[in-house]
Amino acid sequence: MNLGEKASFSKTISESDVYLFAGITGDFNPIHIDNIAAGSSFAHSRIAHGALISGMVSTVIGMKLPGAGAVYMEQDSKFLKPVYIGDTVTATVEVVEIINSSKGIVKLWTYVNNQHNERVLDGFAIIKAPIEEGERI
């Protein structure tokens, strides 16, 4: 991994994504699953769970950069805008600091944009990348 290296993952958030996430986590907040309640909220419509959106960052880390075997050590996320059902979002991670090259500890800038290129999540992650004994990042 090199400073400035990036990877991304895009997905259109479906109604079934939101319902399945609610079922898995037990978070049945009406703003996510009830059209009437969500319609009278600040968002005026149902929105995806923030954790569902931040989970897309995990997809990039675990599947692309650095990939299989990577583990989270820390995550900081700021939710800037709601993500609505039907929005297409792109999660991106960028290597911003090699904290410990012999242990594979790296700081990533993490962000998610919607289909209008509006930032909906901004933050960072500290991860441990898989490395072989004696290898350095």
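A residue counts as buried here when its relative accessible area is under 20%, as exposed when that area is over 50%, and as partly exposed in between. Keep that cut-off in mind, and keep in mind too that this is a predicted model.

Let's start with the whole chain. It has four helices and five strands, and from the N terminus on the elements run β-α-α-α-α-β-β-β-β. The C-alpha trace spans about 55 × 30 × 20 Å along its principal axes. Of the 137 residues, 36% count as buried. The chain exposes about 7300 Å², and carbon and sulfur atoms supply 53% of that area. If you look at contacts with a separation of 6 or more, 64% of them come from residues 24 or more positions apart.

Now for the sheet. The five strands make an open sheet with antiparallel pairing, in the order S1-S3-S4-S5-S2. At the edges sit strand S1 (6-12) and strand S2 (71-79), each of which pairs on one side only. On average, neighbouring strands of this sheet are turned by 20° against each other, ignoring direction. Zoom in on S1 and its partner: S1 and strand S3 (residues 88-100) run antiparallel and are joined by seven bridges. To see the register, find Ser8, which stands opposite Thr92 in S3. Helix H4 (residues 50-63) lies across S1, S2, S3, S4 and S5, and it runs at about 140° to S2.

A good residue to click on next is Thr110, which lies in strand S4. Is Thr110 buried or exposed? Its relative accessibility is 0%, which is under the 20% cut-off, so Thr110 counts as buried. The contact list gives a picture of the surroundings: leaving aside neighbours within four places in sequence, Thr110 is in contact with Val57, Gln75, Asp76, Thr92, Val93, Leu121, Asp122, Gly123, Phe124 and Ala125. Thr92 is the residue that Ser8 stands opposite. There is a polar contact as well, with the side chain of Thr110 reaching the backbone nitrogen of Phe124 at 3.3 Å.

Follow the chain onward to the loop between S4 and S5, where Asn114 lies. Asn114 has a relative accessible area of 8%, so this loop residue is buried too. Its side chain reaches the backbone nitrogen of His116 at 2.9 Å. Not counting residues up to four places away in sequence, Asn114 touches Thr88, Val89 and Val120.

Glu118 is found in the loop between strand S4 (105-113) and strand S5 (119-128). The side chains of Glu118 and Asn114 are joined by a polar contact of 2.7 Å. Unlike the buried Asn114 at 8%, Glu118 counts as partly exposed because its relative accessibility is 31%. Leaving aside neighbours within four places in sequence, Glu118 is in contact with Lys81, Val112 and Asn113. And what about Lys78, 40 residues apart from Glu118 along the chain? The C-alpha atoms of the two are separated by 14 Å.

That brings us to the charged pairs. Side chains of opposite charge can pair when their charged atoms come close. The count of salt bridges comes to four, and here are some of them. The side chains of Glu94 and Lys6 meet at 4.0 Å, N to O. This pair links distant parts of the chain, with Glu94 in strand S3 and Lys6 in strand S1, 88 residues apart. Glu94 has a relative accessible area of 15%, so it is buried.

Another salt bridge joins the side chains of Lys11 and Asp17 at 2.9 Å, N to O. With a relative accessible area of 31%, Lys11 is partly exposed, whereas Asp17 counts as buried at 17%.

Glu15 and Arg46 also meet through their side chains in a salt bridge, at 3.2 Å, N to O. Why does this pair tie together separate parts of the sequence? Glu15 lies in helix H1 (residues 15-25), while Arg46 lies in the loop between helix H3 (35-39) and H4, so the linked parts are 31 residues apart in sequence. Glu15 is partly exposed, with a relative accessible area of 40%, whereas Arg46 is buried at 4%.

Key. Residues numbered from 1 in each chain as written. Predicted model: local features only at pLDDT ≥ 70, side-chain atom pairs only at ≥ 80, totals over all residues. Heavy atoms only, no water. Helix = DSSP H or I, 4+ residues; strand = E, 2+ residues; numbered from the N terminus. Buried < 20%, exposed > 50% of the residue type's maximum accessible area, 1.4 Å probe, protein only. Contact = heavy atoms within 4.5 Å. Polar contact = N/O pair within 3.5 Å; in protein donor to acceptor, adjacent residues only side chain to side chain. Pairing = 2+ DSSP bridges. Axes fitted to C-alpha atoms, helices over the stretch in contact; angles between N-to-C directions. Areas by Shrake-Rupley, 256 points an atom, 1.4 Å probe, with all protein chains shown as cover.
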